[in-house]
Amino acid sequence: MPRPDDEDLVVLVGSTDDAVATSTVLESAAVSIAGPVVLRLLVFVPESGVDAAIESAALEGYAEVSTRPEDPRPDEPPWPSLSLGCSRWMRERCPRSGRDVRASRPEAGGHAVGWWVLDAPAESEK
């Protein structure tokens with residue numbers, strides 16, 4: 001099973017468009033996702049809410065992972081990026097996007113930026 005903190009994982013599919021349904025993105029992806037993968041979420045939270053957001057996300061099986069150089073950056077206000085990763089089976093979790101994670105909910109002070117499904121690179125890509 002891929003680990004959320006594995007920096008060699010590659011993006012299979014994802015979206016930063018909140019207006020597009022997660023199921024639509026997954027259906028249109030030209031990839032086959034059958035086993036365990038990592039669901040990675042990026043949220044912006046106020047500095048004062050980072051610890052609470054990490055704690056809340058942990059209740060849902062997520063852990064803080066490193067942000068990636070290609071991640072979107074916040075414009076205003078200058079909030080830190082919080083990247084969360086969770087190893088899950090596709091059918092268990094991935095149809096739900098970052099909008100559903102407590103850390104990204106408005107009452108938690110967060111704003112979901114995007115979600116990505118990651119997996120180990122294929123043998124031909126190594």
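## Leu-12 and strand S1

Leu-12 is partly exposed, with a relative accessible area of 25%. This residue belongs to strand S1 of a predicted model. Because partly exposed begins where buried ends, at 20% relative accessible area, the 25% of Leu-12 keeps this residue out of the buried class.

Not counting residues up to four places away in sequence, Leu-12 touches Val-31, Ile-33, Val-37, Val-117, Leu-118 and Asp-119. One of these partners, Val-117, stands 105 residues from Leu-12 along the chain, yet the two C-alpha atoms are separated by 5.6 Å.

## Fold and confidence

The chain has three helices and five strands. Read from the N terminus, the order of elements is β-α-β-α-β-β-α-β. Of the 126 residues in the chain, 40% count as buried. Among contacts with a separation of 6 or more, 80% join residues that are 24 or more positions apart.

The mean pLDDT of the chain is 76, and 77% of the residues reach 70 or more. Over residues 90–99 the pLDDT is below 50, although this stretch has 34 contacts in the model beyond near neighbours in sequence. Where pLDDT is low, the predicted coordinates should not be read in detail.

## Nonpolar cores

The largest nonpolar core holds 19 residues, and the members that touch the most others are Val-13, Tyr-62, Trp-115 and Val-117. At least two core residues come from each of helix H1 (22–28), strand S2 (36–44), helix H2 (50–58), strand S4 (81–89) and strand S5 (111–119). S2 gives the largest share, four residues. Another core, of seven residues, lies apart from this one; Leu-9, Val-38, Phe-44 and Trp-116 are among its members. In soluble globular proteins, nonpolar side chains tend to be buried together.

## Strand S5: Val-117 and Gly-114

Val-117 is found in strand S5 and is buried, with a relative accessible area of 0%. Besides the C-alpha distance of 5.6 Å to Leu-12, the model places Val-117 at 9.7 Å from Ser-87, C-alpha to C-alpha, with their positions 30 residues apart in sequence.

Gly-114 is also found in strand S5. With a relative accessible area of 7%, Gly-114 is buried. Leaving aside neighbours within four places in sequence, the contacts of Gly-114 are Ser-15, Thr-16, Arg-40, Leu-41 and Leu-42. Asp-18 is 96 residues from Gly-114 in sequence and 7.7 Å from this residue in space, C-alpha to C-alpha.

## Leu-9

Leu-9 lies in the segment before strand S1 (10–15). Its relative accessible area is 4%, so Leu-9 is buried, and this residue is a member of the seven-residue core. Leu-9 and Val-117 are 108 residues apart in sequence, with 9.5 Å between their C-alpha atoms.

Beyond its neighbours within four places in sequence, Leu-9 is in contact with Pro-2, Arg-3, Pro-4, Val-38, Arg-68, Leu-118, Asp-119 and Ala-120. One of these contacts, Val-38, belongs to the seven-residue core as well.

## The largest pocket

The largest pocket has a volume of about 160 Å³. Its lining is made of 13 residues, and those nearest its centre are Pro-4, Asp-6, Glu-7, Ser-66 and Arg-68. By class, the lining comprises five nonpolar, three polar and five charged residues. Pro-4 and Arg-68 are also among the contacts of Leu-9.

Notes: Residues are numbered from 1 along each chain as its sequence is written. Side-chain values use heavy atoms; hydrogens and water are left out. pLDDT is the predictor's confidence in each residue, from 0 to 100. Contact means heavy atoms within 4.5 Å. A nonpolar core is a set of buried Ala, Val, Leu, Ile, Met, Phe, Trp, Tyr and Cys residues joined through side-chain atoms within 4.5 Å. Buried means under 20% relative accessible area, exposed over 50%, partly exposed in between (1.4 Å probe, protein chains only). On a 1 Å grid over the protein atoms alone, a cavity is a set of points where a 1.4 Å probe fits but cannot get out, and a pocket is an open set with protein on both sides within 12 Å along at least five of seven lines; lining residues have an atom within 4 Å of a point. Grid points are joined across faces, edges and corners, and a volume is the space filled by probe spheres set on the points. Ala, Val, Leu, Ile, Met, Phe, Trp, Tyr, Cys and Pro count as nonpolar, Asp, Glu, Lys and Arg as charged, and the others, Gly among them, as polar.
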